[in-house]
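User: I have a protein chain open and would like to be walked through it. Can we take it in small steps?

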Amino acid sequence: MASKAKKVTKKAQSGRAKKRPARAPHPGKAARDFPRGFLFGAATSATQIDGGDRASDWYEFSGRPGNIRDGSSCLIAADHWNRYPEDHRILTKLGLNAYRMGVDWSRFESRPGEWDHQALDHLRGMLDSLRRKKIRTLLTINHFTLPAWWLARGGWTRRENLPPFLRFVEFLLEGVADLVDEYITINEPNVYGYMAYLTGQWPPGESGLRGLRLSRAVGRNMVLAHCGMVERIRKIHARKGKGNLRIGLAMHLLALEPYRPDNAMDVDRTGRVDFLFNHAFSDCLHAGRLLAPYGRGEKIFDGSLLDFFGINYYSRRIIAFDLFSPRRFFIREMEPDNVERSDLHWEIYPEGLYRVIRDSYARYGLPIRITENGIADASDEKRASFLRSHLSSVVRALEEGIPVEGYYHWSLLDNFEWAEGLTARFGLVAVDYVTQERSLRPSALQYRKIIQSGRLT
Ligand code: FCB
């Protein structure tokens, strides 16, 4: 949601998280900000770090000139598939007790029906390495990327395509259920629909009215896929797993504000974005029904579809009504002046993290995990304070009694940032893409300090 931005001159938009009241520590013992057992993690996804997968839609897409801003491809990325032992040592060095990682279906079924058991064994090795290090693994089953062959058949737009996807889920689970007990089914269905079917910046590059129609089908089929995954994960875990099973979803949530709070049209458009982008998908899972715009309330599941709610939070958007943007549903994004920004020009707005946690808990009443939060900051000048201010929003929510179970910083390593390529640097750990050398950024050491003390100050 980045284009067509306009300057905001108003000062009013520079909110910061309120200062927490000082707490009296026990004599001789400093009070902790985070409860014991809080999950301090980092997050990654397969395409963005693994390398070596030529069967994915992103490999094809990034090979076509003009699709990736810096002309890079995801073919090698951080070569994590081969270098995971070194990267797992870094997790330990940072004191992390949790790690969110992904898998790419295309790696395991590069052509229909051709299952790669060697790749599955390799994945087992990765998961086992994490288990031996006592790191709790949260596994994302779908993080945007698809096998090119499945996308060529219509990908998420066709309901008939769900059975092959669910066969992959069974293959995966049969292979690793004994090593994993926490899952994210789908990462950011809202961002996927927007980037791949409304703006056309991601494969398959659809947009316009056709894209809009397809995006509804994509959302609907992803809801159904989530149900299918939950059934299969529960069934296979009952047989093979360890009984700590937790299943969640990771939604990208935007902190939204109307440009002119007293303008009914701005308020209306903001509410529309809030519903369609932030809530429409997860409302279906909460209700066990296909709700508008994905359906007419059809019941799709009995019982709960989520054990926790994952929030990916990065930034705020300010929304105005614009009569001249009918193709953008009369929505215009405004850009506040005088705010701090990341290398990708995303506003740094920690208060927003508190707000999306509070609102999500009020809406769904589920335990919360911050499954992504981070900053593109090549110089590492802003990351440490970004971490601190956003964690302070988490602490504020905890103090209000909201069960936030963990925080996974995006990202462990510099990585392939989709259409932005390799130039956006999100890592706690810098990667030299020529030598594949890793080096801890100073902010990583700050994070370690917070983890070790359980305190922000
Ligand atoms: C999120 C994606 C993640 C990464 C970050 C920066 O929307 O889930 O893969 O690209 O943004």
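Analyst: What follows goes from the whole chain to strands and then to single residues. This is a predicted model: local features need pLDDT of at least 70, side-chain atom pairs count only at pLDDT 80 or more, and totals for chains, interfaces and linings use all residues. Residues are numbered from 1 along each chain as its sequence is written, and side-chain values use heavy atoms, with hydrogens and water left out.

User: Okay. How many helices and strands are there in the chain?

Analyst: The chain has 13 helices and 14 strands. Helices (H or I, at least four residues) and strands (E, at least two) are DSSP runs, numbered from the N terminus.

User: And why call it compact?

Analyst: Its radius of gyration is 21 Å, close to the 23 Å from the globule rule for 457 residues, so the chain is as compact as a globular protein of that length. The radius is taken over C-alpha atoms, and the rule is 2.2 Å times the number of residues to the power 0.38. Along the principal axes, the C-alpha atoms fill a box of roughly 60 × 60 × 50 Å.

User: How much of the chain is buried?

Analyst: Of the 457 residues, 58% count as buried. Buried means under 20% relative accessible area, exposed over 50%, and partly exposed in between (1.4 Å probe, protein chains only).

User: What about contacts between residues far along the sequence?

Analyst: Take the contacts between residues at least 6 apart in sequence: 76% of them join residues at least 24 apart. Contact means heavy atoms within 4.5 Å.

User: Let's zoom in. Where does methionine 101 lie?

Analyst: Methionine 101 lies in strand β3, residues 98–102. With a relative accessible area of 5%, methionine 101 is buried.

User: What does it touch?

Analyst: Leaving aside neighbours within four places in sequence, the contacts of methionine 101 include Thr44, Leu123, Met126 and Leu139. Serine 45 is 56 residues away along the chain, yet the C-alpha atoms of methionine 101 and serine 45 are separated by 5.3 Å.

User: Which strand does β3 pair with?

Analyst: β3 pairs with β4 in the parallel sense, over five bridges. Two strands pair if DSSP finds at least two bridges between them. The bridge partner of methionine 101 in β4 is leucine 139.

User: Is β4 mostly covered or mostly open?

Analyst: Mostly covered: β4 spans residues 136–142, and six of its seven residues are buried. β4 is also joined to strand β5 (residues 182–187) by four bridges, and these two run parallel. There, asparagine 142 has isoleucine 186 in β5 as its bridge partner.

User: Different strand now. Why is β11 described as enclosed?

Analyst: Five of the five residues of β11 (residues 368–372) are buried, so β11 is largely enclosed by the rest of the structure. Strand β9, residues 308–321, runs parallel to β11 and is joined to it by four bridges. Glutamate 372 in β11 is the bridge partner of asparagine 312.

User: What about β12?

Analyst: β12 covers residues 404–410, runs parallel to β11 and is joined to β11 by three bridges. Isoleucine 368 stands opposite valine 404 in β12.

User: Any odd backbone spots? Which peptide bonds are cis?

Analyst: One of them joins proline 203 and proline 204, with omega about 10°. Proline 204 is in the loop between α8 (189–198) and α9 (208–240). Another runs from tryptophan 410 to serine 411, with omega near 15°. Serine 411 is in the loop between β12 and β13 (429–432).

User: And what is phi of phenylalanine 144?

Analyst: It is near 70°, a positive value in a residue other than glycine. Phenylalanine 144 is in the loop between β4 and α6 and counts as buried at 2% relative accessibility.

User: What about phenylalanine 329?

Analyst: Phi of phenylalanine 329 is also positive, near 60°. This residue sits in the loop between β9 and β10 (331–336). Phenylalanine 329 is partly exposed, with a relative accessible area of 40%.

User: Last one: where is asparagine 161?

Analyst: Asparagine 161 is in the loop between α6 (148–152) and α7 (162–176). At 5% relative accessibility, asparagine 161 counts as buried. Not counting residues up to four places away in sequence, asparagine 161 touches Trp150, Arg153, Gly154 and Gly155.
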